[in-house]
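I opened my notebook to look through this structure entry by entry. Each entry starts from something I wanted to look up.

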Amino acid sequence: MRITNEHQGEIVHVDAVVIGAGFSGLYMLYRLREAGLSTRVYETGEGVGGTWYWNRYPGARCDSESICYNYTFSEELYKEWSWSSRFPEQPEILKYLNFVADKFDLRPDIQFRTRVTSASFDEETNRWNIQTDQGDQVSAKYFITGVGCISTANIPNIKGMDNYEGELYHTGHWPHEKVDFKGKRVGVVGTGSSGIQSIPVIAKEAKHLTVFQRTPQYSVPAKNHPYTEEFLQKSKENYHSMRELMRNSVGGMAFKYGENSVLDHTPEQRREVLEAAWEKGGWAVLSAYNDLLINEEGNLLVAEFVRSKIREIVKDTETAEKLLPDHYYGTKRAIIDTDYFETYNRENVLLVDVKKAPIEEITSNGIRTEEGEYELDVIVFATGFDGMTGSLFKIDIRGRDNVALKEKWGNGAKTKTYLGLTTAGFPNLFMLTGPESPSVLGNMPAAIEQHVEWVMDCIEYLQNNEIEVLEAKVESEEKWSQHCRELADSTLYTKTESWYTGANIEGKAKGFQIYVGGYNEYRKICDDVVLNGYDGFTLVTGKANKVI
Ligand code: N01
């Protein structure tokens with residue numbers, strides 16, 4: 001069934017509505033269709049890709065090794081696709097997702113340029129009524145969000161923004177056409193992953209680049225390189241073992257963490273291990289030891305190693321000092337880069353510390369901080385996202401008694417889920433990589449596959465057993481949320497302000513809404529829930545609303 005809007009005004013009945021055509025929405029659609037369920041996917045963008053559709057900024061690339069940064073559910077698909085390098089750029093990842101959409105003929109069930117605006121659960125019919133900004137009205141038994149954890153751009157509310165006469169961009173909403181920096185004075189605000197990836201590329205092209213840094217970040221070299229035919233061949237031959245390794249690993253990648261504590265080693269041994277990890281690049285420093293994120297003393301030693309590297313690379317001592325982070329290593333999302341710190345050795349690059357002298361205003365000509373004005377032809381906001389709950393709250397989702405999700409979750413302050421997938425009072429709503437799932441603490445496609453497969457198994461169970469409604473029990477989500485908080489508090493994550501804790505958004509309630517126990521543990525917990533007959537959920541059969 002090809003989707004058109006020709007029946008606008010009519011209510012369309014389907015089994016499932018999915019929001020988003022990124023990694024999660026595409027796979028969810030594929031599985032629902034395979035199971036014979038009628039499905040509509042709504043996607044705001046004009047094409048598939050999700051994150052990779054919107055984040056087109058210069059230098060954007062993935063930071064999971066590409067041979068793991070893909071679906072593994074289909075051996076055929078895995079073997080058909082060949083990545084060019086260890087950490088490929090955005091256009092190649094977008095091409096991959098288009099390849100997947102074409103291979104499985106997914107587009108006919110996706111309606112592009114359409115934003116879901118509201119969804120409410122009808123307690124009479126046990127169905128979700130869903131509306132879009134294009135006038136669609138849909139009734140669905142299952143409502144599944146694949147909106148991404150970091151897809152709502154954070155554009156800081158700085159005085160004078162409307163007065164600026166130059167070009168203004170956010171990395172997460174980059175234009176489809178090439179932005180020309182040649183001969184221009186460019187300012188980049190923000191030094192998270194997006195800033196650190198784009199700064200070296202912009203610096204090479206712009207006449208001058210000013211980086212406005214609020215918090216310095218640790219970053220280690222990606223050591224990206226092209227893949228050889230031989231390597232690709234081997235990884236394809238190892239498809240089964242690689243998939244198993246990913247599925248049973250902490251972060252959904254095909255590597256294991258070091259076996260030692262940071263403190264097991266002498267300073268000389270540690271230096272040797274960390275030097276080797278630095279040379280290897282990617283996630284090697286973060287995974288060199290088994291306790292980096294729980295061992296305060298050990299973390300500080302590794303942090304100091306990375307700081308020593310920054311001092312070595314950056315020639316100007318004053319600039320190097322400004323670039324030295326002081327939070328626990330890895331507690332803001334770890335970053336890998338290509339020539340980030342080296343970029344500050346260029347004559348056309350200036351680093352401005354906006355923690356010391358905050359930005360006061362965007363003027364018609366540029367940015368004014370407490371220390372002075374910087375004239376800019378282009379401003380790039382690399383200021384991140386309203387993570388975890390931001391995109392869910394943009395939709396008016398209402399469950400039982402017409403309670404809005406945003407209200408139930410106290411605008412983020414009281415977010416509670418069961419398994420990061422469901423929440424009480426919102427029956428048959430599934431949130432792919434939702435808050436309190438492990439999602440963003442690893443390789444997203446691996447997290448997504450596990451979620452989609454769990455949701456699909458659950459839906460098939462409901463269908464096969466004529467169950468109308470599955471709903472998380474209040475006590476299950478209380479317990480899960482508490483478990484997530486306790487786990488997070490036993491690590492160093494909660495000791496640092498970051499987008500993980502909501503601290504990057506003005507006025508947002510702070511709280512760590514991610515399960516930190518690892519993908520492998522999480523998978524076991526989800527599987528056990530199923531083995532125990534969907535333990536923690538209320539299941540209601542038939543129209544008579546009989547609870548089983
Ligand atoms: O965003 P961020 P991001 N004035 O929130 C600063 C994924 N990702 O887009 O730290 C001045 O990390 C802010 O400063 P501070 C990945 O999961 C992956 O870079 O809040 N500065 C910070 O420096 C990542 O973690 C890849 O003090 C302001 C920066 O802006 C997540 O997306 C690539 C400011 C924001 O950093 C988000 O990364 C890109 C203000 N008013 C992204 N407001 C891969 O490699 C914010 N900042 C796969």
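**Entry: the ligand**

How many Å is an oxygen atom of the ligand from an N or O atom in the side chain of W499? I looked it up, and the distance is 2.8 Å. I note at once that the model is predicted, so I read every value here as computed from it.

I then checked how much of the ligand is covered. On its own, the ligand has 910 Å² of accessible area, and the protein covers 88% of that.

I went on to other polar partners. R214 has a polar side-chain atom 2.9 Å from an oxygen atom of the ligand. R61 takes part through its backbone: an N or O atom there lies 3.2 Å from an oxygen atom of the ligand.

Next I listed the surroundings. I found 23 residues around the ligand. Those that come nearest are S194, R214, T215, K332 and W499. R214 and W499 thus appear in my notes twice, here and among the polar partners, R214 at 2.9 Å and W499 at 2.8 Å.

I sorted the shell by class. It has eight nonpolar, 10 polar and five charged residues. Which helix gives the most to this shell? I found that it is α5, residues 193-205, with three residues.

**Entry: H327**

I looked up H327 next. It sits in the loop between α10 (317-322) and β11 (335-337). Is H327 buried or exposed? Its relative accessible area is 9%, and under 20% counts as buried, so I wrote down H327 as buried.

I then read off its contacts, leaving out residues up to four places away in sequence. H327 touches T215, P216, Q217, Y218, K332 and T496. Two names were already in my notes: T215 and K332 are among the residues that come nearest to the ligand.

**Entry: the cores**

I turned to the nonpolar residues. In soluble globular proteins, nonpolar side chains tend to be buried together.

The largest nonpolar core here has 82 residues. Y71, L419, W454 and F537 touch the most other members. Helix α13, residues 444-464, supplies the largest share of this core, 11 residues. I also found another core lying apart from it, with 53 residues, among them W174, V186, L351 and V378.

I followed Y71 further. Not counting residues up to four places away in sequence, its contacts include F23, Y27, Y78, Y96 and V100. E449 is also in contact with Y71.

**Entry: H451**

Helix α13 came up again with H451, which is placed in it. The relative accessibility of H451 is 2%, so H451 counts as buried.

Which side chain makes a polar contact with the side chain of H451? I found Y522, at 2.7 Å. Other residues that H451 touches, beyond four places in sequence, include L419, M431, T433 and S437. L419 is also one of the core residues that touch the most other members.

I checked one separation as well. H451 and F430 are 21 residues apart along the chain, and their C-alpha atoms are separated by 9.3 Å.

**Entry: S439**

S439 is in the loop between β18 (429-431) and α13. At 1% relative accessibility, it counts as buried. Leaving aside neighbours within four places in sequence, S439 is in contact with residues including C149, M388, M444, A447 and Y519. T433 and G434 are on the list for S439 and on the list for H451.

**Entry: T266**

I used A447 once more, as a reference for T266. The two are 181 residues apart in sequence and 36 Å apart in space, C-alpha to C-alpha. T266 is in the loop between α7 (239-247) and α8 (267-280). I noted it as partly exposed, with a relative accessible area of 37%.

**Entry: positive phi and exposed residues**

Most residues other than glycine have a negative phi. I therefore noted two positive values, near 50° for R113 and near 55° for D401.

R113 is in the loop between β3 (110-111) and β4 (116-122). D401 is in the loop between β17 (396-398) and α12 (405-408). D401 is exposed, with a relative accessible area of 66%.

I closed with E407, in helix α12. E407 is exposed too, at 54% relative accessible area. Its C-alpha atom is 9.4 Å from that of F393, 14 residues away along the chain.

Methods:
Residues numbered from 1 in each chain as written. Predicted model: local features only at pLDDT ≥ 70, side-chain atom pairs only at ≥ 80, totals over all residues. Heavy atoms only, no water. Helix = DSSP H or I, 4+ residues; strand = E, 2+ residues; numbered from the N terminus. Buried < 20%, exposed > 50% of the residue type's maximum accessible area, 1.4 Å probe, protein only. Near = heavy atom within 4 Å. Polar contact = N/O pair within 3.5 Å; in protein donor to acceptor, adjacent residues only side chain to side chain. Areas by Shrake-Rupley, 256 points an atom, 1.4 Å probe, with all protein chains shown as cover. Nonpolar A, V, L, I, M, F, W, Y, C, P; charged D, E, K, R; others polar. Core = buried A, V, L, I, M, F, W, Y, C linked by side-chain atoms within 4.5 Å. Contact = heavy atoms within 4.5 Å.
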